[in-house]
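Colleague: I have a model open and would like to go through parts of it with you. Could you take my questions one at a time?

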Amino acid sequence: MGKSQWHMRHVLTILMLTFAMVSCTSHRKDIHCILPDGVILHTGDVVFRLGGGLESHAVLSLDVHGKYSHVGIVVDTMGRKMIVHAVPGEPDFEGDLDRVKLDDVSRFFSSLYANRGEVMRMSDSVVAGNAAQKALELFRRNVLFDDDYDVGDTTRMYCTELVMYAYSRAGEELVTVSPHHISLPLLSADVYYPSDIYESGKLKSIIQF
């Protein structure tokens with residue numbers, strides 16, 4: 001399926017799920033980072049956010065027990081903490097493909113994309129560091145976003161799949177439950193939600209904001 005075809009399918013799916021909701025996120029005038037000052041992120045931290053847009057509402061309409069619609073992993077690049085995540089619709093430049101991204105913390109937690117967030121941490125810092133390295137490798141390989149949400153296809157990634165994969169390659173299975181089957185007019189898949197990582201019991205909450 002071509003990129004333009006997927007965009008149409010993705011947009012229509014979201015609209016059908018959220019036709020009564022109107023996103024006001026893009027109209028905010030006071031764009032800022034919602035992560036509180038003084039929070040020190042560690043390599044391998046798993047970071048969650050919930051936005052106010054249509055896609056966030058669509059995720060939560062499916063993940064009825066979820067608090068967050070998106071998840072990423074903190075990495076260290078030359079002493080600077082950044083976040084690797086897989087996300088559609090946040091291009092860095094005109095014509096940019098939906099892909100695994102490496103973003104500043106301030107962009108990931110920008111009020112343009114996030115209304116609230118949370119930082120969670122693995123107790124084993126060695127495993128966490130190795131998971132962060134695996135996530136960086138995905139970014140450096142320019143892995144595309146998995147618009148089929150196929151967890152069995154590791155050549156492309158969606159957000160939850162990326163974090164699960166990185167930790168799995170580091171020797172820690174964050175999620176042991178079965179995926180959730182979704183059957184929509186334009187998408188049928190077995191998927192994992194951010195809540196599957198959040199509720200795994202493998203991570204400790206550091207701060208909610």
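Modeller: What follows is a short exchange on helices, strands and loops in this predicted model.

Colleague: Let us begin with helix α5. How many of its 11 residues are buried?

Modeller: Helix α5 covers residues 159–169, and 9 of the 11 are buried, so the helix is largely enclosed by the rest of the structure.

Colleague: Which residues of α5 are the buried ones?

Modeller: They are Cys159, Thr160, Glu161, Leu162, Val163, Met164, Tyr165, Ala166 and Tyr167.

Colleague: And what comes after the helix, as regards phi?

Modeller: Gly171 follows α5, and its phi is positive, near 100°.

Colleague: Take Thr160 in that helix. Why does it count as buried?

Modeller: Thr160 counts as buried because its relative accessibility is 0%, and the cut-off for buried is under 20% relative accessible area.

Colleague: What is Thr160 in contact with, leaving aside its neighbours within four places in sequence?

Modeller: The contacts of Thr160 are then Val71, Tyr192, Tyr193, Pro194 and Ile197. Asp196 can be placed relative to Thr160 as well: the two are 36 residues apart in sequence, and their C-alpha atoms are 8.4 Å apart in space.

Colleague: Now the helix pair. How do the axes of α4 and α5 cross?

Modeller: Helix α4 spans residues 125–140; its axis comes within 7 Å of that of α5, and the two cross at roughly 125°. That angle makes α4 oblique to α5. The crossing is right-handed.

Colleague: Which residues make that contact?

Modeller: On the α4 side they are Val127, Ala128, Ala131, Lys134, Ala135 and Leu138. On the α5 side they are Leu162, Tyr165, Ala166, Tyr167 and Arg169.

Colleague: How do the residues of the contact divide into nonpolar, polar and charged?

Modeller: There are 9 nonpolar residues, no polar ones and 2 charged ones in the contact of α4 with α5.

Colleague: Changing topic to the strands: how many residues of β5 are buried?

Modeller: In strand β5, residues 116–121, 5 of the 6 residues are buried, so this strand is largely enclosed by the rest of the structure.

Colleague: Which strand do 5 bridges join to β5?

Modeller: That is β1, residues 46–50, which runs antiparallel to β5. Within this pairing, Phe48 has Glu118 of β5 as its bridge partner. In addition, 4 bridges join β5 to strand β10, residues 204–208, again in an antiparallel arrangement. There, Glu118 stands opposite Gln208 of β10.

Colleague: What about β4, is it mostly covered or exposed?

Modeller: Strand β4, residues 99–104, is mostly covered, with 5 of its 6 residues buried. Strand β3, residues 80–87, pairs with β4 in the antiparallel sense over 6 bridges. His85 stands opposite Lys101 in β4.

Colleague: Finally, the backbone angles. What is the phi of Asn142, and where is this residue placed?

Modeller: Phi of Asn142 is near 60°, a positive value in a residue other than glycine. Asn142 lies in the loop between α4 and β6.

Colleague: Why bring that up?

Modeller: Most residues other than glycine have a negative phi. Tyr149 likewise has a positive phi, near 50°, and its place is in the loop between β6 and β7.

Colleague: Buried, exposed or partly exposed: which is Asn142, and which is Tyr149?

Modeller: Asn142 is partly exposed, with a relative accessible area of 44%, whereas Tyr149 is buried, with a relative accessible area of 17%.

Definitions and conventions. Residues numbered from 1 in each chain as written. Predicted model: local features only at pLDDT ≥ 70, side-chain atom pairs only at ≥ 80, totals over all residues. Heavy atoms only, no water. Buried < 20%, exposed > 50% of the residue type's maximum accessible area, 1.4 Å probe, protein only. Contact = heavy atoms within 4.5 Å. Axes fitted to C-alpha atoms, helices over the stretch in contact; angles between N-to-C directions. Parallel < 35°, antiparallel > 145°, perpendicular 65-115°, else oblique. Left-handed = near helix turned anticlockwise from the far one by under 90°. Nonpolar A, V, L, I, M, F, W, Y, C, P; charged D, E, K, R; others polar. Pairing = 2+ DSSP bridges.
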